[in-house]
Amino acid sequence: MNRQYVVAAAQLGPIARDESRGSTVARMVALMRKAKSRGAEVVVFPELALTTFFPRWYLEDEAELDRFYETAMPSDETRPLFDAAVELGLGFYLGYAELVQENGRKRRFNTSILVDSSGEIVGKYRKIHLPGHFEHEPWRPFQHLEKRYFEHGDLGFPVHDAFGGTMGMCLCNDRRWPETFRVLGLRGAEMVMLGYNTPLHYPLAPEHDHLQNFHNHLCMQAGAYANGCWVVAVAKAGHEEGCDLIGGTCIIAPTGEVVAQTQGFGDELALAEVDLDRCKEIRENIFNFALHREPEDYAPICAPKSASAAA
C-alpha cells in the first residue's frame, strides 16, 4: 500500500441487547462494501463494535456476561468481516470484548485489532485507561462497569507496520489522556485509530453534558496536532437501550483539523484521503521531538500515582 489513500470511519448506530452477531456483522460488511465503492482502502469500526455497550448493566449471571465476549478472532460469526476484507482488498480496525483462558482463569479485555487486506491480524491493543467503577451503584441512571468487566490492558501502547506506515491504536477513554498520543507519537505512529462509546449524560458531572461533543473532538485534535499524526475516531452512536451515545465520528489531520465527520447517529461513513507524509509538517517543525522535547523536566508524568499527585 502506498502512503496516500482513502480511509473510511465506519460509525455504527445503536445495537440492541438481543441483536445477534450475525446481524451486527452484516451491517458492518455493508459499510465495508459501501466504503470500497467510494475508494476506501482501510475501514475503522467502533469500540465494542459487535455488541451493545454492556457495561451499562450490573450483570450477576456470568454466563450472561460471557456472551458479550469473543473467545476467538475470527470466529464463525465474525469470519464474514475477514472474508470481506480479502474480497474487497480492505484493511480494518475492530474493537471488541475479548475473553481468554490463561492458567485456569478467565481474563477479560476491551480489545482492538488491525486486520490487513489479506485477512490477517497484524496488530492488537488492550485498553489501558478504563473508566467507570467496580461495584453496582444503583443511584446511576445507567452503570459504567468497565473496571469490573475488563482488566487493565497488558500490551502497552504498541505500534504496527501496516497500511503503508506506522499505525497506533487506542480505545475510547484513552483518547482523553495526552500520554496515550505522546507514547504512540514517540514510537512513530503516523495514524491512530480508535473507537468509542460515549454517553451524552455524565452522571458525576451533569453540568458537563453540553460539552461532551466539544471535549470529544478537543482531546483528539490536540493529540493529533501535538504528535503530528492522523486520528481516525469512530463512534457507536444514537439511542441505545435507553442511553444516548454521542456521534461525532471524524478523521483528523496532523494539523489538528477535522477533515471529515459524520452528520447523524446511525450507520454512516466519513471518508478522507490521508497522506502519511503530512506528519512531517508537524514533526520536523514545531513538535520536533528530538530538537524541542525536554524529558528531564517531565518526571512527574511517569512517577507512581501517589508520588505524582504530590509532585
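**Exercise 1. Find where Phe163 sits in this predicted model, and work out whether it is buried or exposed.**

Step 1: Look between strand 6 (159-162) and strand 7 (165-171); Phe163 belongs to the loop there.

Step 2: Check the backbone. Phe163 isn't a glycine, yet its phi is positive, about 50°.

Step 3: Now the accessibility. Phe163 has a relative accessibility of 7%, so it counts as buried, the cut-off being under 20%.

**Exercise 2. Do the same for Cys172: which loop holds it, and what is its phi?**

Step 1: Follow the chain to the loop between strand 7 and helix 5; that's the place of Cys172.

Step 2: Phi of Cys172 is near 45°, again a positive value in a residue other than glycine.

Step 3: With 5% relative accessibility, Cys172 counts as buried.

**Exercise 3. Pick out the buried residues of helix 5 and say how they are arranged around its axis.**

Step 1: Go along helix 5 (residues 178-186) and mark Thr180, Phe181, Leu184 and Gly185, which are its buried residues.

Step 2: Look at how they spread. They cover an arc of only 125° around the axis, so they lie on the same side of helix 5.

Step 3: Keep going past the end. Just after helix 5 comes Gly188, with a positive phi of about 95°.

**Exercise 4. Describe how helix 5 packs against helix 6.**

Step 1: Start with the axes, which come within 9 Å and cross at roughly 25°. That angle is under 35 degrees, so helix 5 is roughly parallel to helix 6.

Step 2: Give the handedness: helix 5 passes helix 6 in a right-handed crossing.

Step 3: List who does the touching. Helix 5 brings Phe181, Arg182 and Gly185, while helix 6 brings Cys219, Met220, Gly223, Ala226 and Asn227.

Step 4: Sort those contact residues by type, and you get four nonpolar, three polar and one charged.

**Exercise 5. Place Gln212 and name its contacts beyond its sequence neighbours.**

Step 1: Gln212 lies in helix 6 (residues 212-227).

Step 2: The relative accessible area of Gln212 is 8%, so this residue is buried.

Step 3: Leave out neighbours within four places in sequence, and Gln212 is in contact with Arg176, Thr198, Pro199, Leu200, Tyr202 and Ile246.

**Exercise 6. Work out how helix 1 and helix 3 pack, and what kinds of residues make the contact.**

Step 1: Helix 1 (residues 21-37) and helix 3 (residues 79-88) have axes 10 Å apart, at an angle of about 15°. So these two helices are roughly parallel to each other.

Step 2: The crossing of helix 1 and helix 3 is right-handed.

Step 3: On the helix 1 side, the contact uses Val25, Met28, Val29, Met32, Arg33 and Lys36; on the helix 3 side, it uses Pro80, Leu81, Ala84, Ala85, Glu87 and Leu88.

Step 4: By type, that contact has nine nonpolar residues, no polar ones and three charged.

**Exercise 7. Is Ile282 buried or exposed, and what does it touch?**

Step 1: Find Ile282 in helix 7 (residues 279-283).

Step 2: Its relative accessibility is 7%, so Ile282 counts as buried.

Step 3: Skip residues up to four places away in sequence. Ile282 then touches Tyr225, Gly228, Pro254, Thr255, Phe287 and Asn288.

Step 4: Try a distance too: Ile282 and Asn227 are 55 residues apart along the chain, and 7.5 Å separates their C-alpha atoms.

Notes: Residues are numbered from 1 along each chain as its sequence is written. This is a predicted model: local features need pLDDT of at least 70, side-chain atom pairs count only at pLDDT 80 or more; totals for chains, interfaces and linings use all residues. Side-chain values use heavy atoms; hydrogens and water are left out. Axes are lines fitted to C-alpha atoms, for helices over the stretch in contact, and angles run from 0 to 180 degrees between N-to-C directions. Helices (H or I, at least four residues) and strands (E, at least two) are DSSP runs, numbered from the N terminus. Angles under 35 degrees count as roughly parallel, over 145 as roughly antiparallel, 65 to 115 as roughly perpendicular and the rest as oblique. A crossing is left-handed if the near helix is turned anticlockwise from the far one by less than a right angle, and right-handed if clockwise. Contact means heavy atoms within 4.5 Å. Ala, Val, Leu, Ile, Met, Phe, Trp, Tyr, Cys and Pro count as nonpolar, Asp, Glu, Lys and Arg as charged, and the others, Gly among them, as polar. Buried means under 20% relative accessible area, exposed over 50%, partly exposed in between (1.4 Å probe, protein chains only). The arc is that of the directions from the helix axis to the C-beta atoms.
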